[in-house]
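Visitor: I would like to learn how to read the features of a fold. Could you take me through this one step by step?

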Amino acid sequence: MKHEHVAMQREAAPPTHSIGARTPLVDGIDKVTGRARYTADLPLGATLVGRIFRSPVAHGVIRRIDATRALALPGVRALITGADFAAPYGVIPIAQNEWPLARGKVRYRGEPLFAVAADDDACAEAAMAAVTLEIDPLPAYFDADAARAEGAVLLHDHKPGNIEREVAQDFGDVDAGFAAADLVLERRYACAEVAHGQIELNATVAHWEPERQRLTVHSVTQVPYYLHLTLAQTLGLDPSQIRVVKPFVGGGFGHRVEPLNFEMITAALARAAGGAVTMQLSREEVFLTHRGRPATDTRLKIGLKKSGEITAVEAEVVQRGGAYGGYGLVTILYAGALLHALYRVGSVRYRGYRVYTNLPPCGAMRGHGAVNVRFAFESLLDEMAEALRLDPFELRRANLIAPPYRTLNDLQVNSYGLPQCLDAVQAASRWRERKGALPRGRGLGLACSHYVSGSAKPVHWSGEPHAVVNLKLDFDNSITILTGASDIGQGSSTLLTQVVAEVLLLPMARIRVMATDSMLTPKDNGSYSSRVSFMVGNAALRAAQAMKQLLVNAAARRLEVAASDIDWQGESCAVAGTDRRLDFAQVVQGALADAGTLTVKGVWSTPPETQGGSFRGAAVGSTAGFSYAAQVVEVSVDEETAAVKVERVWVAHDCGRALNPLAVEGQVQGAVWMGMGQALSEETQYHEGLHLCANFIDYRMPTIAESPPIDVTLVESIDPLGPFGAKEASEGALHGFAPALAAAIRDAVGIRPHELPVTPDRLFDALQARRRAERMRARRAVETQKAMP
């Protein structure tokens, strides 16, 4: 036997472990040094300027768009209208009723009407001013009640009552559940519409090659694959003519989880002009593009036993959805689906209504569909705990799930760390010692929450795997991860690198990531519903296992032993029990012999048992793994000014397993912070359809000055399906902040908010109303005393 190629008795580097390590993001240096290139930064050479003219009215019939004078102006290269598109679009295949540029009617103030490509901004402005526009106004509706009123003009034909989607679901005997309850309470809750507030402005660069009839688009999207499909559909192109590239993205939070009108508009302008066009929206235009969380009215009724056991739930949810479908039917289904899977519930009746109105379309936002209903649910539980003289923690513990568990609506729960989350925040906040013992104006509140780790069924059902990852091994001894998954700041590229490095026991420095270029990387459905860690992580895990087997086999061939005899140690390997060893470069050389560059593939799809039931809408809410969270919020309230200050937050999040604790903690803190914004200050406002706060001055997000200490405890329940046991980590904790805040305000000053955001003016009005009521009761008591003989 010949072994001259074997390195004998070479000192081996120890295996490297990446999972569980507090790891800085692999793209962090690029971002903090300014090397990262976002869409608007791309050095793509000279391009035309794209601009959009938006509707000045909220609802009307388009009678005339005459561009004759505009097209005659010097420097104007193209002007397009809705007639230049082949089809409408929408992220949900059965709800595609939006045109990139309005066609026939306008349905909200600020809707794109026509667009121009010109040599510079001045030319583009002159062109838009030269267009003759005629619109016949129609009645406009800016709230759900007005849009649903008898005789209201329909925004869309074949949608009676301006209802986009009506949902009726019943699970169990709800009436019997209420009859068996010792306490039944019903309340109404209102949550204002909120926007995502991502820092990066929307931008797209599109390049049309007339000679090849090919389109290349760089854009800020979270869903390059869906954008690719939508560009082909709306422009009437074959998908093979299109390349979509996602550069660095400066946040999304759901704003970019569906193809957006400006992306198709930029592409159509590039084709019309026969060249390259850059479209950069202003902050106001981003607000008009919207896709945020809809204004929601919830009527909620819960029945409880004296023990705290939930016997029945009845919820009616009305969402003001805006002018088009978008994710609307999914949002209203999520609101009902996620009444389940957090606690055991005896029975549930759900009625949901998604309503068209003449406002910018709403869509998916972090915690999609469930945040507002969870505010109602946890708030009512807190009120009922007080009525039954139960500690809020004990009420939740009376309804805990024991996994594996199948919910009434056929959702599968395989791991459940909520008990440990409750224990953690109860201890960290010193709840037992401090609840009820704080001075007036200071209070504590508790709430729980959960969320999906990706939707178990994709938006576009094609039969393909839910996730695909390719790994490339080449002569330079590096491994390249090829993925279509979109890193939008959540750290998915880092996570995939860690997963691959852990399986191969290699340092992360050996691994590179090539992501989101449809010409180079495999298709991925996108970054939404916290699917990437679970689904793409599993695909990366399987690809790495395949690569490891390939390398082990190569080592076995060179060492002339069975693969089972190889002790793989990452940077080296050895024949078990001997000093015969190869370093990594030698293994790679052997693996590439004969075949050359190697590519392996890993795929993953959700198991059928996690894909929900068979009733209409059952797919929404189904997931391979639920995350869980509990949080305690401490507030101080100034009763003279009604100012609320969040003093501290304790949050425990069941993430299955923290693959990167540093990143997970940051995601949990970000979720809490975003929940704080919705709870205290964020609110879109309109006057006759005109956006009143389409900037970061009037739209009030918390700043570092308002941000409290957020203490994070990570609970690891080790999900049996998650990669290394991991689940989602960036959305579940958001849902619980608002109800915990409301409970803390109740504890501090005796007022229980039922409306979000809890702004000083709303809380002041509530405090004043209580004072008036107290004075009235006092006067009546005096009058009664005087009337007594």
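**Reading helices, strands and cores**

Guide: In helix 7, the residues that count as buried are N261, F262, E263, M264, I265, T266, A267, A268, L269 and A270. Please keep in mind throughout that this is a predicted model.

Visitor: How many of the residues of helix 7 are buried, and what span does the helix reach from its first C-alpha to its last?

Guide: Helix 7 is mostly covered, with 10 of its 13 residues buried. Running over residues 261-273, helix 7 reaches 18 Å from its first C-alpha to its last, which is close to the 18 Å expected at 1.5 Å a residue. The helix is followed by G274, whose phi is positive, near 70°.

Visitor: What does the same reading give for helix 17?

Guide: Helix 17, residues 661-680, has 20 residues and reaches 28 Å between its first and last C-alpha, close to the 28 Å expected at 1.5 Å a residue. Because 14 of its 20 residues are buried, helix 17 is largely enclosed by the rest of the structure.

Visitor: Let me turn to strands. How should I read the directions in which the side chains of strand 21 point?

Guide: The general idea is that in a regular strand the side chains alternate between the two faces of the sheet. In strand 21, I479, I481 and T483 point one way while T480 and L482 point the other way, and all are buried. Since five of the five residues of strand 21 are buried, the strand is largely enclosed by the rest of the structure.

Visitor: Which strands pair with strand 21, and in what sense, parallel or antiparallel?

Guide: Strand 20, residues 467-473, pairs with strand 21 in the antiparallel sense over five bridges, and N470 stands opposite L482 there. These two strands form a hairpin with five residues between them, and N477 in the turn has a positive phi of about 65°. Strand 22, residues 511-515, is joined to strand 21, residues 479-483, by five bridges, and this pair runs parallel. In that pairing I481 stands opposite V513, and T483 stands opposite A515.

Visitor: Which helix joins strand 21 and strand 22 in a β-α-β unit, and what is the handedness of that unit?

Guide: Helix 14, residues 492-504, makes a right-handed β-α-β unit together with strand 21 and strand 22.

Visitor: Where is there an open sheet, and in what order do its strands lie?

Guide: Three strands form an open sheet in the order 5-3-7, with antiparallel pairing. Strand 5 (105-106) and strand 7 (132-137) are the edge strands, each pairing on one side only. Strand 3, residues 60-66, is joined to strand 5 by two bridges, and V61 stands opposite K105 in strand 5.

Visitor: Is V106, which has its place in strand 5, buried or exposed?

Guide: V106 is buried, because its relative accessible area is 0%. Not counting residues up to four places away in sequence, V106 touches S55, V57, A58, H59, G60, I62, E111, L113 and I135. The C-alpha atoms of V106 and D136 are separated by 9.8 Å, although these residues are 30 apart along the chain.

Visitor: How should I read a nonpolar core, and which residues touch the most other members of the largest one?

Guide: In soluble globular proteins, nonpolar side chains tend to be buried together. Here the largest nonpolar core has 118 residues, of which I302, L418 and L741 touch the most other members. Helix 18, residues 734-749, supplies the largest share of this core, 10 residues. Another core, of 51 residues, lies apart from it and includes M535, A539, V575 and L582.

Visitor: Which residues is L741 in contact with, leaving aside its neighbours within four places in sequence?

Guide: With those neighbours left aside, L741 is in contact with V633, V635, V644, V646, A679, L680 and V758.

Visitor: I would also like to read residues in loops. Where does T407 lie, and is T407 buried or exposed?

Guide: T407 lies in the loop between strand 17 (405-406) and strand 18 (412-413), and T407 counts as buried because its relative accessibility is 6%, under the 20% cut-off. The side chain of T407 makes a polar contact with the side chain of N409, at 2.5 Å. Beyond its neighbours within four places in sequence, T407 is in contact with H340, A341 and V413.

Technical notes:
Residues are numbered from 1 along each chain as its sequence is written. This is a predicted model: local features need pLDDT of at least 70, side-chain atom pairs count only at pLDDT 80 or more; totals for chains, interfaces and linings use all residues. Side-chain values use heavy atoms; hydrogens and water are left out. A nonpolar core is a set of buried Ala, Val, Leu, Ile, Met, Phe, Trp, Tyr and Cys residues joined through side-chain atoms within 4.5 Å. Buried means under 20% relative accessible area, exposed over 50%, partly exposed in between (1.4 Å probe, protein chains only). Helices (H or I, at least four residues) and strands (E, at least two) are DSSP runs, numbered from the N terminus. Contact means heavy atoms within 4.5 Å. Two strands pair if DSSP finds at least two bridges between them. A polar contact is a pair of N or O atoms within 3.5 Å; within protein, one must be able to donate a hydrogen and the other to accept it, and residues adjacent in sequence count only if both atoms are side-chain atoms. A crossover is right-handed if, with the strands pointing away from the viewer, the path from the first strand over the helix to the second runs clockwise. The expected span of a helix is 1.5 Å times one less than its number of residues.
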